[in-house]
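Let's take a look at the empty space inside this protein, and at what surrounds it. After that we'll turn to the packing and to a small stretch of strands.

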Amino acid sequence: MDEQAANAFHQRLNQWIASQGFWFQLRHSLSGGGNWSSTIFHLLGLTVRIGIVLAIVLVGFGIFLMKRVDTEHFVEGIEDSMVDRLGAQAAEVSGFKKSGSDASIHRLGLVGSDQSFFRTLDARNLHFHMGLLDGMVGQWVAGTAEANTLDVEWRSGLSNDEDATAVAKQLFEMPETVGLQGLKVAKARFTWGYQERAFGGIEGSHLTAIRSGQSWRLNFQGGTFSQNWLRGLEIKELVIVVSPDGLLVERGKLVSGEGSIEFQDVAVKGAEQPRPSGRLILTHVPVASLLPANARTMVSGQVSGELTLGGSTNSSDGVTMEGTLTVGGSDRLMVHDDFRVFESLSVVDFFRSYRRVDFSVGSFHIRTGGGELKVDEIKLESKGAMTLDGEVTVRRPTQREIEKLIGASPTDMAVGFSPLGTRSSGTDSADVSLKSAGKAANEDDELMTEEGGAEAENSDFYNELDEARRLRRDAMERARDLYFFAGEVRLGLEENALERSEILRKRYPLDEATRRVFLKVPLDGGLNDIGVAKAEELIDALQ
């Protein structure tokens with residue numbers, strides 16, 4: 001056989017051996033059918049082919065890991081996990097994105113159930129850490145999450161021990177598959193209280209929440225705080241520790257103008273009936289922070305004192321505050337002639353003006369609870385003008401009175417929620433559904449379009465969520481600004497205050513013991529009604 005034919009034969013033989021597979025080639029080489037150089041050549045070629053196959057598999061798996069977060073199945077898995085873990089009635093995740101080790105959710109909406117710590121929860125532009133294999137193997141270490149806004153309607157109390165256990169698990173037991181160290185929110189809004197007498201909230205505050213064991217440490221900076229008759233107080237500092245044992249205010253200071261309110265030993269205990277305790281120390285607090293907006297033209301000034309907390313956010317009394325407030329030193333309580341009796345006294349009295357009466361000495365006791373503000377033990381003095389004593393109760397209107405005044409009841413306005421197109425636990429809401437929810441005015445419109453996530457939102461779900469919350473809050477605010485007076489105060493005028501009218505001098509004789517003329521003024525009805533009858537009586541006497 002010549003050399004050319006031999007080479008052709010060996011070439012065809014090698015091709016046939018190569019086609020027989022790895023193990024045949026290995027046995028052939030080791031049995032002497034091939035030399036070592038041939039064996040190494042075959043092994044190297046096979047290794048290269050295996051490497052190429054593995055590379056293709058790894059690239060494909062990597063693409064799968066990166067693209068899996070873009071699938072509807074992945075987002076639905078997150079929604080289902082939240083429904084199960086947080087006992088939610090419905091969940092909606094919009095605009096989930098991942099870039100490198102960072103992930104974001106444009107908007108997250110949750111509707112709570114009886115076994116949730118929230119009624120509704122809405123977070124926007126949420127950012128957190130997410131590794132390539134997170135959510136598949138091992139623990140997902142999310143680190144400290146950050147959000148532009150967080151809006152939570154907290155449940156005021158729980159119905160039974162079972163619900164309390166479920167809520168404690170949600171708040172204080174982190175799943176083994178998720179590691180969340182904390183949360184930072186640029187603009188947080190928390191509200192609580194199922195009715196206007198217990199309604200309170202924190203608005204527009206920067207929140208830093210740090211997890212420590214089973215506890216959460218919440219640090220609020222800026223924004224405003226409201227509770228009961230306290231309205232819109234600026235948060236200077238508010239540090240709260242929330243644990244399975246309850247809520248403790250470590251440090252708290254609210255400011256209004258040059259005045260301040262400090263928290264001392266304030267805590268909230270209990271799950272079914274959360275009961276606050278502790279004291280609020282008021283120093284030079286403007287009374288405008290204690291009054292509805294439409295009453296501020298009638299009364300102004302500053303007061304100081306101490307209030308003790310009580311009641312419950314889940315009771316008919318709501319959160320109660322009780323204590324004595326004083327005027328004196330730099331504190332003044334000023335009553336303006338929007339109080340119609342003072343307007344009439346300015347006409348009757350030759351010697352004085354009652355356009356504004358400054359009470360610079362005295363005190364009064366207050367108690368809030370059950371939708372009422374009771375002011376008694378009033379002992380105030382305006383030097384050279386009058387004294388004032390008596391008691392008055394400022395109460396919330398009844399359901400029928402509210403319906404007469406605003407045309408709808410808070411119960412009707414405090415609508416519920418019916419999830420549309422969401423991941424649901426399968427339980428039906430007992431609340432009334434908004435059948436046609438209009439688009440609510442959105443104060444954070446610029447955040448809605450950030451990162452192009454708005455177009456991916458479930459508009460039906462979020463419009464209904466926004467509208468339901470807005471209507472509840474508007475109804476609460478309207479109810480809080482509706483109130484009626486019942487009581488009587490006594491004005492002790494200077495002895496010559498009624499010199500102009502003989503009729504009035506006879507009707508209100510001088511008290512020899514105090515050398516004052518006393519007028520009893522009933523305070524009944526709405527703000528625009530109080531004192532009107534007495535004011536008209538004084539003017540009629542001049543005619």
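Nonpolar residues make up nearly the whole lining of the largest cavity: 33 of them, plus 1 polar residue and no charged ones. Bear in mind that this is a predicted model. The lining counts 34 residues, and those nearest the centre of the cavity are Leu291, Val299, Val375, Val392 and Phe485. The space inside comes to about 760 Å³, and the whole structure has 3 cavities of 30 Å³ or more.

Which strand gives the most to that lining? It's S18, with 4 residues. Strands S13, S14, S15, S17, S19 and S21 are also among those that supply at least two residues each.

Now for the packing. In soluble globular proteins, nonpolar side chains tend to be buried together. Here the largest nonpolar core holds 104 residues, and Phe96, Leu280, Phe342, Leu491 and Leu493 touch the most other members. There's also a second, separate core of 5 residues, including Ala90, Val111, Tyr462 and Leu465.

Finally, strand S8 pairs with two strands, as the table shows.

| Pair | Sense | Bridges |
|---|---|---|
| S6 (200-212) and S8 (224-227) | antiparallel | 4 bridges |
| S8 and S9 (230-243) | antiparallel | 3 bridges |

Phenylalanine 225 in S8 has a partner on each strand: it stands opposite isoleucine 202, and its bridge partner in S9 is leucine 233. The hairpin of S8 and S9 has 2 residues between the strands, and asparagine 228 takes a positive phi there, near 55°.

How values were computed. Residues numbered from 1 in each chain as written. Predicted model: local features only at pLDDT ≥ 70, side-chain atom pairs only at ≥ 80, totals over all residues. Heavy atoms only, no water. 1 Å grid on protein atoms, 1.4 Å probe; cavity = no way out; pocket = protein on both sides within 12 Å on 5 of 7 lines; lining within 4 Å. Points joined across faces, edges and corners; volume = space filled by probe spheres on them. Nonpolar A, V, L, I, M, F, W, Y, C, P; charged D, E, K, R; others polar. Core = buried A, V, L, I, M, F, W, Y, C linked by side-chain atoms within 4.5 Å. Buried < 20%, exposed > 50% of the residue type's maximum accessible area, 1.4 Å probe, protein only. Pairing = 2+ DSSP bridges.
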